[in-house]
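Work through the following exercises with the coordinates open, and try each task before reading the solution beneath it.

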Amino acid sequence: MPVLQFFDQERPLFVHPLRPGRTVIGRSDECDIALPSEDISRIHCAIDHRADGWWLTDRSRHGTLLNGSPVQRCSLQPGSEIGIGPYRARFAEDRQSRNAGATTLQPVAPAVHEDLIEVDGDGVACCAAEISFSSGPLQGQTRRLAQARTRVGGPGSDLVLDASLPSDAFVIRVARGRVMIEPGRAAVFLAGHRVRETTPAWPGEELLIGDHTALIAAHTANDHREDLSEFGDMVGKSSAMRRLFGVLARVAAHDHPVLLTGESGSGKELAARAIHDAGCRGDAAFVAVNCAAVADGLFESELFGHEKGAFTGAVARQDGAFQQADGGTLFLDEVAELKLDAQAKLLRALNSGEVRRVGAAKVEYPDVRIVAATHRNLAQMVDAGLFRADLLFRLAVLTVRIPPLRDRRDDIPLLVHTLLQRQHPHAKITDEGIRALQAYDWPGNVRELRNVLTRAFVMGGPSLSVSSLEFNPWAFEGAMATPATTAPDPERDALSAALLRNGGNRTRAARELGMPRSSLLYKLQRLGIG
């Protein structure tokens, strides 16, 4: 993992691991790395990870140096030294960074036998198949199907009915909340007709095999996940965070799109990366795109790639974020900042699965999981005509809110200990300093906490006390936008409109909205839509 090694003259300060995407450096606590000096601009420079390497861009009125010379934009190579005010940072490939904290993962096997329908602060609503026996030796019993494919029959099958049947009499398959019957080596009848090919089982249809009669249906229930003390690089001991970690671990086991909401600096990218690492795509690429940093004219090239000669400056064929993330996860940070025309192009790619490079005739079908994040209220943006309702439904199949730091002050001592151990392992903080940190409202959340600790360490050395802590509430312009997912009225209107456009056909409406049919049925029932 590339790192930036920071120095004050010749005095080593700290090491900052560089994540894919954009890292912003400046004086403001809104930056990823905040450095104290009047010779540093609020937003001083940015380091971007692109397909062709790492790039430095100057954004300051003071100037940024690379190897002693002023630069506007240039690529970084191992050993490059960046001058930022009175400090310098060395870019290095450091795969064994001594200050990089260990990542704790909670791997979960893919749970494709169930559908996650909605997520709330306490757990998840999930849809799984159940088989209930109405006659025969198992009359009155109900079994939940805990696999994507369940072999039913005699001894040796996943669900044993009786010894007179072969082990593979038939198969029950569950895909995206839909129950299907696959024929096997015994005669099985569904709604009075013999099953000779894979057949969907509709609610209320009776299944008959041998002496057994049963009903198979998708059952929706609220499932409260066991609390966890950590997830990925995220730590916390408050009840809200322990519940959140449990929900994130459950979400990681699925392949549905996820929308992370929460204030700036609350840890949405950490949550996205942990979802990727703990899921079945953890060995593949995690590609982060900051939608707010993509120039309007370059959106298609950044996401979908381009062919050589497609436009001025396209000197070679280049993959976009979708191709880079093939088999893995594409993280769309600040997705609310996309212009409407860019939203339409993204929606088309998500709906069809087709990606076409700029200047290409052939389409590609990269396999990616989408995780998006925003600090804005998307429901209000839909009402204002600034965000497409159909794109919101496509992204917000599973929505998880990351709570602000001021709502979980009990986590601050643990966060301080973890942050210091990862970046300033020799630093110590007094009890009075901890109490001062807990008394502050943290408009910039965990990012601001990290920057306050870094600034205190740079200015005062390894012993951190109340006098060395400098808070900068002025660095955050205006009140933080209240994050939200879909307000009841916009959600109700969008679902009703989709049903109307599709003549009341719920399967087609679900397909148009980009959600499983079971999710649509659950939402219609919750909102009282007939």
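**Exercise 1.** Determine whether the crossing of α8 and α9 is left-handed or right-handed, and describe the contact between these helices by residue and by class.

*Solution.* In this predicted model, the crossing of α8 and α9 is right-handed. As to geometry, α8 covers residues 412-423 and α9 covers residues 431-439, and the two helices pack at an angle of about 115 degrees while their axes lie 10 Å apart. The next step is to list the residues that meet: α8 contributes Ile412, Pro413 and Val416, and α9 contributes Ile434, Leu437 and Gln438. Sorted by class, this contact comprises five nonpolar residues and one polar residue, with no charged residues.

**Exercise 2.** Decide whether His276 is buried or exposed, and list the residues that His276 touches beyond four places in sequence.

*Solution.* His276 is placed in helix α2, which spans residues 268-278. Its relative accessible area is 4%, and because the cut-off for buried is under 20%, His276 counts as buried. Leaving aside residues up to four places away in sequence, His276 is in contact with Arg281, Gly282, Ala284, Ala285, Phe286, Gly328 and Thr329.

**Exercise 3.** State the mean pLDDT of the protein, and find how many contacts the model has for residues 95-112 and for residues 477-486.

*Solution.* The protein has a mean pLDDT of 85, with 88% of its residues at 70 or more. Over residues 95-112, however, the pLDDT stays under 50, and the model has 36 contacts beyond four places in sequence for this stretch. Residues 477-486 likewise have pLDDT below 50, and there the model shows 28 contacts beyond near neighbours in sequence.

Note on methods: Residues numbered from 1 in each chain as written. Predicted model: local features only at pLDDT ≥ 70, side-chain atom pairs only at ≥ 80, totals over all residues. Heavy atoms only, no water. Axes fitted to C-alpha atoms, helices over the stretch in contact; angles between N-to-C directions. Helix = DSSP H or I, 4+ residues; strand = E, 2+ residues; numbered from the N terminus. Left-handed = near helix turned anticlockwise from the far one by under 90°. Contact = heavy atoms within 4.5 Å. Nonpolar A, V, L, I, M, F, W, Y, C, P; charged D, E, K, R; others polar. pLDDT = per-residue confidence, 0-100. Buried < 20%, exposed > 50% of the residue type's maximum accessible area, 1.4 Å probe, protein only.
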